[in-house]
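Reader: I am new to this structure and would like to go through it slowly, with each term explained as we meet it. Could you show it to me before I ask?

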Amino acid sequence: PSKFGSLWPLPQKVKLSAVSLKLTGVSFQIADAKGSSAGSGCSLLQDAYRRYYEYVFGGAKRQQQPGKGRRAAGPAVLTELQVWITSPDPECDGYPGVASDESYELTVDQPYAVLKAPKVWGALHGLETFSQLVYEDEYGVKSINSTTISDFPRFAHRGILLDSARHFLPIKVILANLETMAMNKLNVFHWHITDDQSFPYLSRTFPQLSQQGAYHPYTHVYTPADVKMVVEFGRLRGIRVIPEFDTPGHTQSWGKGQTDLLTPCYSGSKPSGSFGPVNPILNTTYDFMSQFFKEISTVFPDAYVHLGGDEVDFSCWKSNPDIQTFMDQQGFGKDFSKLESFYIQKLLNIVATTQKGYMIWQEVFDNGVQLKPDAVVHVWIGGGANDEMGKVTAAGYTTILSAPWYLDYISYAQDWQKYYKVEPLSFNGTEEQKKLVIGGEACLWGEYVDATNLTPRLWPRASAVAERLWSAADVTDINDTFNRLSVHRCRMVARGIPAQPLFSSYCPREYK
Ligand SMILES: CC(=O)N[C@H]1NC[C@H](CO)[C@H](O)[C@@H]1O
């Protein structure tokens, strides 16, 4: 077993002792400390206390009395975890953001434990850590060792991308994923909500988009109420919900409901009947995008929206005579990346007027688009990602890394180890450049993933990314990690998450 018990991700500073304290469901409670700036009106914390009480004691089906079984000499009992929010503004009713303070300090001692955090976001992480310190003996009696922990994340942006366009993901699965993210201290849900295959987002302004573009207009859509539920469920767990509406490529489904939006492709002098990327030469395109992203800015409260911009295929633009004429007028010659940049530039300006920051896939940067200083460039292309990290940060842009963490690629054996061994700052650059890397995301694209296999394919492989993004850079001992991750995986299983096994072994409480 690991010297750090089963803590995952590993906190920055941990001092575990051998002094064990008993705790029983009947005599233990989680409560607001007297001096806390968050009182009983802070429903985010009250909700979390109940959730974590359930995690610690809920699983104990067996009746438990303190002192049953091996009689310890006068076992010390832990009766309370006191939660103390120290900042005058606990941010109870706020939303997490890239600058949120997620730090906490946890001291477990007799007769009670104290969890101190400037904001509720750190308290949520401290509650998860506390729940991970509790262990039970063969009689089901719970214990915790006296401990002092001081913790904070190495990176601010620690995300999971899910793709609800290649396969529709039922809300239940999305919420379960948010719950599991919280168990791993991940704090960004990148919702790749639309793509070529389907448009499941029900827009109030343009209802025909899902009416025509969803796999099915009633059973395979996300209503405004569904979106609100995902956003609030995430907020209560300190998780940002960043939607991605990917354009100008990956937009076939948009054209079903918005008929003049996509570029008509030509074969010879006639339209072929197929369509390509968003048509960048029509004013109606930008009128539509203005209204659409205005709505998005009101439905999703996060300060950022992801605008995509990946994998734009130029062949359709090349075939269209009106596009040709436009290219000539603009003096773009045959360089279609200039046309892509023309479109993206106008889109970024539209989104900027909605007071949102934006994230974009790296091609937008690679194609020389003028970005706002707070733009976030998302590095995803495999092979050469280190060079790309160097280039993007040298240009002064905030950057997140996904390239080595495409979890939709599966293989035999323990591939989590290669995700774990990634060092996001291993590229050549100055300290200044390294500071621009705010974190990363594990991506589970949906071509081969739906509700039947999402969770076991994502967990515990994504847990490896979670520790890489939370813990100190020098946490690299793969053997200690294997032991901790094995226990962590069984804890997720015990909490009802069908996380797949690392290797041959067993869990005290198997999935059922
Ligand atoms: C940014 C990005 O990754 N774009 C595409 N690249 C390949 C992926 C599958 O691995 C998805 O198809 C995704 O839509």
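Reader: How do you know that a polar side-chain atom of Arg166 and an oxygen atom of the ligand make a polar contact?

Author: This is a predicted model, in which local features need pLDDT of at least 70 and side-chain atom pairs count only at pLDDT 80 or more, while totals for chains, interfaces and linings use all residues. Residues are numbered from 1 along each chain as its sequence is written, and side-chain values use heavy atoms, with hydrogens and water left out. A polar contact is a pair of N or O atoms within 3.5 Å; the atom of Arg166 lies 2.9 Å from the ligand oxygen, so the pair qualifies. For Tyr406 the distance to a ligand oxygen is 2.7 Å, and for Asp408 it is 2.6 Å. The protein buries 90% of the 350 Å² that the ligand exposes when taken alone, as computed by the Shrake-Rupley method with a 1.4 Å probe.

Reader: What makes strands E13 and E14 a pair?

Author: Strands are DSSP runs of E with at least two residues, and helices are runs of H or I with at least four, numbered from the N terminus. Two strands pair if DSSP finds at least two bridges between them; E13 (residues 304-308) and E14 (residues 357-361) are joined by 3 bridges and run parallel, so they count as a pair. Within them, Val305 stands opposite Tyr358.

Reader: Which strands form the closed barrel?

Author: The barrel has 8 strands, in the order E8-E9-E10-E13-E14-E15-E16-E17, with parallel pairing.

Terms used. Polar contact = N/O pair within 3.5 Å; in protein donor to acceptor, adjacent residues only side chain to side chain.
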